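Trainee: Got a minute to walk through a model with me?
Mentor: Sure. Put it up and ask away.

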Amino acid sequence: MNKIHKNRGKHKNLENQENPEKNKNHEKPEKQGNRENPEKHENREIIIAITGASGVYYGIRLLEILNATDIKIHLVLTNAAKTVIPIETEVSIEYIESLADFVYDEKDFTAKIASGSYKTCGIVIAPCTMKTLGLIASGISDDLVSRAADVCLKEKRKVILMVRETPINEIHIENMLRASRAGAIILPASPGFYNKPKSIDDLYNFMAGRVLDLMGIENESYERWK
């Protein structure tokens, strides 16, 4: 069963707060200079999935930035992600879900994003576990994340996999190659350092900006090479 959030936009970026779990009245995150180009971004809906790989804040920051736009967000949090989030961050599951317009259970195969007839501009899986990568590379729709990715591949929509593992073995490499050949974009969680990041937030913003670039969404989330 999917959840529909009608209060989207009344939230606040929780970085630098000592105890964000207690903050129940979040304000909308400040805009980070995002400007959507209608010619590049015809559909105003995007799927974001956060899986159980380390680096869940990559996905959270992407949600925070997209929340400041008028793009509708479909969110899938896997059970593994819900386990990792309190380990790696101080934000609540409730806060993360409130950043999206639609929230789905990972086993909800009746969700609208499980069908190719429901149009979106694509899916971003950030971070993407090696298990999820393997499912997508093998064409196995074991959960809603892999099903939504499979749908986007067959419909020729953007599929961005922010893989997060180190070191990687030959199986991982082969799966990345297979997924890439099928049409996915492999975007390792490997931020650049040429912009001399001053905080970990700069690294999150860099990767979020690269995702938005690949989705055709203009943004100023990070400092570009000059």
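Mentor: One term before we start: accessible areas here come from the Shrake-Rupley method with a 1.4 Å probe. Also, this is a predicted model.
Trainee: Fine. How much area does the protein expose, and what share do carbon and sulfur atoms supply?
Mentor: The protein exposes about 11,100 Å². Carbon and sulfur atoms supply 50% of that area.
Trainee: What percentage of the residues is buried?
Mentor: Buried residues account for 54% of the 226 in the protein.
Trainee: How many helices and strands are there?
Mentor: Seven helices and nine strands.
Trainee: Let's do helix packing. How do α1 and α7 cross?
Mentor: Helix α1 covers residues 56–67 and helix α7 covers residues 200–214. Their axes come within 9 Å and cross at roughly 65°. Angles of 65 to 115 degrees count as roughly perpendicular, so α1 is roughly perpendicular to α7.
Trainee: Left-handed or right-handed crossing?
Mentor: α1 passes α7 in a right-handed crossing.
Trainee: Which residues make the contact?
Mentor: From α1, they include Tyr 57, Leu 62 and Ile 65. From α7, they include Leu 203, Met 207 and Val 211. By class, the contact has eleven nonpolar, one polar and two charged residues.
Trainee: New topic. Where does Ile 140 lie?
Mentor: Ile 140 is in the loop between α4 (130–138) and α5 (144–154).
Trainee: Why is Ile 140 classed as partly exposed?
Mentor: Its relative accessible area is 44%. Partly exposed falls between the 20% and 50% cut-offs, so Ile 140 is partly exposed.
Trainee: What does Ile 140 touch?
Mentor: Leu 135 and Ser 146, not counting residues up to four places away in sequence.

Methods. Residues numbered from 1 in each chain as written. Predicted model: local features only at pLDDT ≥ 70, side-chain atom pairs only at ≥ 80, totals over all residues. Heavy atoms only, no water. Helix = DSSP H or I, 4+ residues; strand = E, 2+ residues; numbered from the N terminus. Buried < 20%, exposed > 50% of the residue type's maximum accessible area, 1.4 Å probe, protein only. Axes fitted to C-alpha atoms, helices over the stretch in contact; angles between N-to-C directions. Parallel < 35°, antiparallel > 145°, perpendicular 65-115°, else oblique. Left-handed = near helix turned anticlockwise from the far one by under 90°. Contact = heavy atoms within 4.5 Å. Nonpolar A, V, L, I, M, F, W, Y, C, P; charged D, E, K, R; others polar.
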